[in-house]
Amino acid sequence: MKADAGQVARALDRPDPAIRLILLYGPDESGSRALAARLDKAMGADAERIDLSGAQLKDDPARLADEAASISLFGGARHIRVDPAGDEIIDAAQALLEATSAGNPVVVIAGNLRKDAKLVKLALASGAALAFASYLPEGRQADQVATEIARELGLRLDPRAAHALVAATNADRGLMARELEKLALFLDAAPDEPRPADMAALGAIGAANDESDLGAIVDAVMGGRAEEAAAELALIGPNEAISVVRALLRRIAQVMPLRAEVAAGQSVDAVMAGAGKAIFWKDQKVMAGLLQRWTPDRLATATTRLAALERAYKRSGTAGMVLIGEELLTIARAAAARR
């Protein structure tokens, strides 16, 4: 079923056993994750959360229904999050919706899927699923999002600072939250002890620039700019390594359905025009370039390699960042060779 903002918020705040799957998709993936966090809060701090990826469910489609029907090891609440995901989990989602029992709610964060994506069509057609698309906030709405996130952290963000933060993060809620968390620590702010935050405070922690924006790394790798990618990677710490890989996977998931249309005979301009506001206006030029640079087969290969890289990183310990750097630069060089 299609859900509006109020319906999906209520479904996440008060889980209904009749709703087995909540699909959160659209270009504002940070917005989707902010929504998913509402289920975390609703289930309680002691709840067990099972995290799965689309690649895992592609290899084992029955696992999602099994996890949804399983009882927590400790007998408490249990829920499942699938992130990142796309049409590769269609068999797993179908099995979940057709299973004789479920019990544990499932949230899928699927990125920027088109309306005709198999996963979207499945969720819209099922009475046991909800589908909600998040779009990047723009203009005053984006500034208001920054202000609201700041307020929850105990910050009174002035209008100029809010606007600057939105511009520096391309209205990405996750990046805004990360910078505002740093700012709250810097100012010793808390919800019960709020502090004012202005442009000077943003400048003091570097939040008025885009150095922490993973989009710079993603664009460099996908755009075939290996030297730039290497420079950006040097600024990333171990705690952000998986975030880089997942950001690349999300960008590829965004490109793949559009590139399939180009492969089917449409022009890049026609495909971009048809995508409409699903592509954030600042990303449109970059996206058009990627549609010309990448082929469907090479996008599929990159997806497979990145999924394997994430698994290898989790097993590798201290060698993880070396693995990340080598693989991302390999992808960047391969992209450069396609000019």
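Start by selecting helix α9, residues 173–187, in this predicted model. Colour Leu 175, Met 176, Glu 179, Leu 180, Leu 183 and Ala 184 within α9: these residues are buried. Look at how their numbers run along the helix. An α-helix has 3.6 residues a turn, so residues three or four places apart point the same way.

What do the buried residues of α9 pack against? Show α7 (139–152), α8 (159–169) and α10 (199–205) for the helical partners, then add the strands β6 (155–157) and β7 (195–197).

While α9 is still selected, try a distance between its end C-alpha atoms. They are 20 Å apart, and the 15 residues should span 21 Å at 1.5 Å a residue, so the two values agree.

**Just past the end of α9**

Next, pick Asp 188, which follows α9. This residue sits in the loop between α9 and β7. Is Asp 188 buried or exposed? With 54% relative accessibility, Asp 188 counts as exposed, because the cut-off for that label is over 50%. Check its backbone too: phi of Asp 188 is near 55°, a positive value in a residue other than glycine. Most residues other than glycine have a negative phi, and most peptide bonds are trans.

**A cis bond**

Keep the backbone in view and go to Asp 83 and Pro 84. The peptide bond that joins them is cis, with omega about 0°. Pro 84 belongs to the loop between β3 (78–82) and α5 (90–98). Although Pro 84 is in a loop, its relative accessibility is 14%, so it counts as buried.

Now display what surrounds Pro 84. Setting aside neighbours within four places in sequence, you will find Ser 53, Gly 54, Ile 109, Arg 246 and Leu 249 in contact with Pro 84. For a longer ruler, draw a line from Pro 84 to Gln 292: they are 208 residues apart in sequence, and their C-alpha atoms are 24 Å apart in space.

**From Pro 84 to helix α13**

Follow one of those contacts, Leu 249, into helix α13, residues 241–263. Leu 249 has a relative accessible area of 11%, which makes it buried. Which residues does Leu 249 touch, not counting those up to four places away in sequence? Besides Pro 84, select Thr 303, Leu 306, Ala 307 and Glu 310. Another line worth drawing goes from Leu 249 to Ala 65, 184 residues apart in sequence and 24 Å apart in space, C-alpha to C-alpha.

**Helix α17 and the segment after it**

Your next stop is Leu 329, in helix α17. Leu 329 is buried, at a relative accessible area of 16%. Leaving out residues up to four places away in sequence, Leu 329 touches Ala 226, Ala 229, Ala 230 and Leu 233. Pick the C-alpha atoms of Leu 329 and Ala 226: the two residues are 103 apart along the chain, yet these atoms are separated by 5.8 Å.

Then move on to Ala 337, in the segment after α17 (320–336). Ala 337 has 66% relative accessibility and so counts as exposed. A line from its C-alpha atom to that of Arg 140 shows a separation of 41 Å, for residues 197 apart along the chain.

**Zoom out**

Finally, show the whole protein as a cartoon, with its 17 helices and seven strands. The radius of gyration is 20 Å, close to the 20 Å from the globule rule for 339 residues, so the protein is as compact as a globular protein of that length. Its C-alpha trace spans about 55 × 55 × 45 Å along the principal axes.

Colouring by burial picks out 50% of the 339 residues as buried. Of the contacts with a separation of 6 or more, 77% come from residues 24 or more positions apart.

Switch to a surface view to end the tour. The accessible surface comes to about 16,400 Å², and 52% of it belongs to carbon and sulfur atoms. Colour the charges next: there are 41 positive and 46 negative side chains, and the centres of the two sets lie 4 Å apart.

Technical notes
Residues numbered from 1 in each chain as written. Predicted model: local features only at pLDDT ≥ 70, side-chain atom pairs only at ≥ 80, totals over all residues. Heavy atoms only, no water. Helix = DSSP H or I, 4+ residues; strand = E, 2+ residues; numbered from the N terminus. Expected span 1.5 Å × (residues − 1). Buried < 20%, exposed > 50% of the residue type's maximum accessible area, 1.4 Å probe, protein only. Contact = heavy atoms within 4.5 Å. Rg over C-alpha atoms; globule rule 2.2 N^0.38 Å. Areas by Shrake-Rupley, 256 points an atom, 1.4 Å probe, with all protein chains shown as cover. Lys, Arg positive; Asp, Glu negative; His and termini not counted. Charge placed at Lys NZ, Arg CZ, Asp CG, Glu CD.
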